[in-house]
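Reader: Please take one part of this predicted model and go through it closely. I would like to hear about the part of the chain that comes earlier in the numbering, and then how it meets the rest.

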Amino acid sequence: MSIFVTGHTNPDSDSIVGAISLSYLRRQLGDDCVAARQGKISDETRFILDKFGGDEPLLKTSYSGEEVWVVDTTDLAILPKDILQATVLGVADHHKLGDLTTSTPLECWIRPVGCSNTIIKEMFDHYRVEIPKDIAGMMMCAILSDTVIFKSPTCTKVDTKAVKDLAKIAGVEDFKALGMEMFIVKSAVEGASARDLTTRDYKEFDMGASKIGVGQLEVVDLSVFDDKKEILFEDMKKLKDESGLHSVIVLLTDIMTEGSQLLVVSDDETIIEKAFDKKLDNHEVWLEGVLSRKKQVIPFLQPLF
Ligand SMILES: [Mn+2]
């Protein structure tokens with residue numbers, strides 16, 4: 001019976017590449033391991049797969065009775081609905097410990113670094129398994145994506161070292177230029193529906209008795225949203241009602257000027273204002289230096305709920 005490796009719902013490049021890289025490693029260690037995914041492949045991830053000739057992981061959203069490795073989260077809110085009916089053999093993640101529990105002991109690789117693929121690189125090193133060129137290139141891109149080309153406060157020395165090592169294996173000389181190329185692909189908003197944009201990189205978080213949704217769009221120039229804000233707000237309101245959320249926040253992150261414009265639809269905007277010690281102006285506020293949802297947004301909201 002196959003063992004599956006899967007990341008979170010609404011998968012980003014780290015989740016998709018993590019499933020590919022970790023399932024390869026587990027196969028070298030003797031497991032019959034298959035890369036899986038929880039949703040559609042983003043344009044950024046498609047760019048990475050095309051660049052290095054990677055295959056799409058298998059779309060598989062139900063895991064009852066299966067054996068699974070989980071990558072890039074331990075939050076039940078963004079894991080397959082029946083994950084607690086699966087046997088979780090291991091976790092490779094770089095987020096706060098979530099609410100996933102297991103019925104058997106597991107192999108746990110959780111570290112405060114910028115990307116799950118940085119941890120998977122350490123797993124390859126630990127097991128002395130060589131990383132193939134194509135997988136090294138994809139892992140490198142996943143780390144550049146999660147760390148916003150090293151600009152994110154979540155980026156550590158371990159991440160930069162991993163990228164340099166992986167770039168060498170992949171034969172990529174100018175990895176920062178490749179990172180920029182990737183973010184330009186990510187910045188494309190033309191032709192995308194409002195829902196595509198609000199949920200392109202979207203996660204829901206349990207905050208006490210309330211639930212909030214936080215989306216993030218990382219672009220190289222915020223002006224692409226000038227004529228999109230109205231439809232974004234409209235869709236955020238819809239999303240909030242449909243899912244019974246306390247708030248929906250979308251971060252429009254400018255990776256060049258390094259900050260985020262927060263768009264807020266909330267039952268209580270004062271919570272958001274308190275969290276960041278800033279007044280909202282027409283449901284918006286600019287947060288200088290904020291690039292990371294995980295490190296610079298969620299931890300400030302959590303204590304106020
Ligand atoms: Mn990640």
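Author: What follows goes through the sheet of domain 1, the helices beside it, and then the other domain. The model is a predicted one. The domain assignment divides the chain into domain 1 (3-184) and domain 2 (194-304).

Start with the open sheet of six strands, whose order is β3-β2-β1-β4-β5-β6 and whose pairing is parallel. At its edges are β3 (58-59) and β6 (107-110), each of which pairs on one side only. Inside the sheet, strand β1 (residues 3-6) and strand β2 (residues 33-37) run parallel and are joined by four bridges. Within this part of the sheet, F4 stands opposite V34 in β2.

Helix α1 (residues 13-28) packs on the sheet and touches β1, β2, β4 (67-71) and β5 (87-93). The direction of α1 makes about 175° with that of β2. Helix α3 (residues 116-127) lies across β4, β5 and β6, and runs at about 105° to β5.

Two further helices pack on each other. The axes of helix α2 (residues 43-52) and helix α6 (residues 175-186) come within 8 Å and cross at roughly 140°. Because of that angle, α2 counts as oblique to α6. The crossing of α2 past α6 is right-handed. On the α2 side the contact is made by D43, E44, F47 and I48, and on the α6 side by M182, V185 and K186. Sorted by class, this contact of α2 with α6 has four nonpolar and three charged residues, with no polar ones.

Now for the other domain. The centres of domain 1 and domain 2, taken over C-alpha atoms, are separated by 25 Å. Their contact takes 13 residues from domain 1 and 17 residues from domain 2. The side of domain 1 that touches domain 2 has six nonpolar, five polar and two charged residues.

There is also an open sheet of five strands, in the order β7-β8-β9-β10-β11, with mixed pairing. Its edges are β7 (202-207) and β11 (284-288); each has a single partner strand, so one side of each is left without a neighbour in the sheet. On average, neighbouring strands of this sheet are turned by 25° against each other, direction ignored. β7 and strand β8 (residues 210-219) run antiparallel and are joined by six bridges. Here M207 stands opposite S210 in β8. Helix α8 (residues 229-242) lies across β8, β9 (247-254) and β10 (259-266), and runs at about 50° to β10.

Methods. Residues are numbered from 1 along each chain as its sequence is written. This is a predicted model: local features need pLDDT of at least 70, side-chain atom pairs count only at pLDDT 80 or more; totals for chains, interfaces and linings use all residues. Axes are lines fitted to C-alpha atoms, for helices over the stretch in contact, and angles run from 0 to 180 degrees between N-to-C directions. Helices (H or I, at least four residues) and strands (E, at least two) are DSSP runs, numbered from the N terminus. Angles under 35 degrees count as roughly parallel, over 145 as roughly antiparallel, 65 to 115 as roughly perpendicular and the rest as oblique. A crossing is left-handed if the near helix is turned anticlockwise from the far one by less than a right angle, and right-handed if clockwise. Two residues are in contact if their C-beta atoms, placed from the backbone, lie within 7 Å. Ala, Val, Leu, Ile, Met, Phe, Trp, Tyr, Cys and Pro count as nonpolar, Asp, Glu, Lys and Arg as charged, and the others, Gly among them, as polar. Two strands pair if DSSP finds at least two bridges between them. Domain bounds come from an automatic or database domain assignment.
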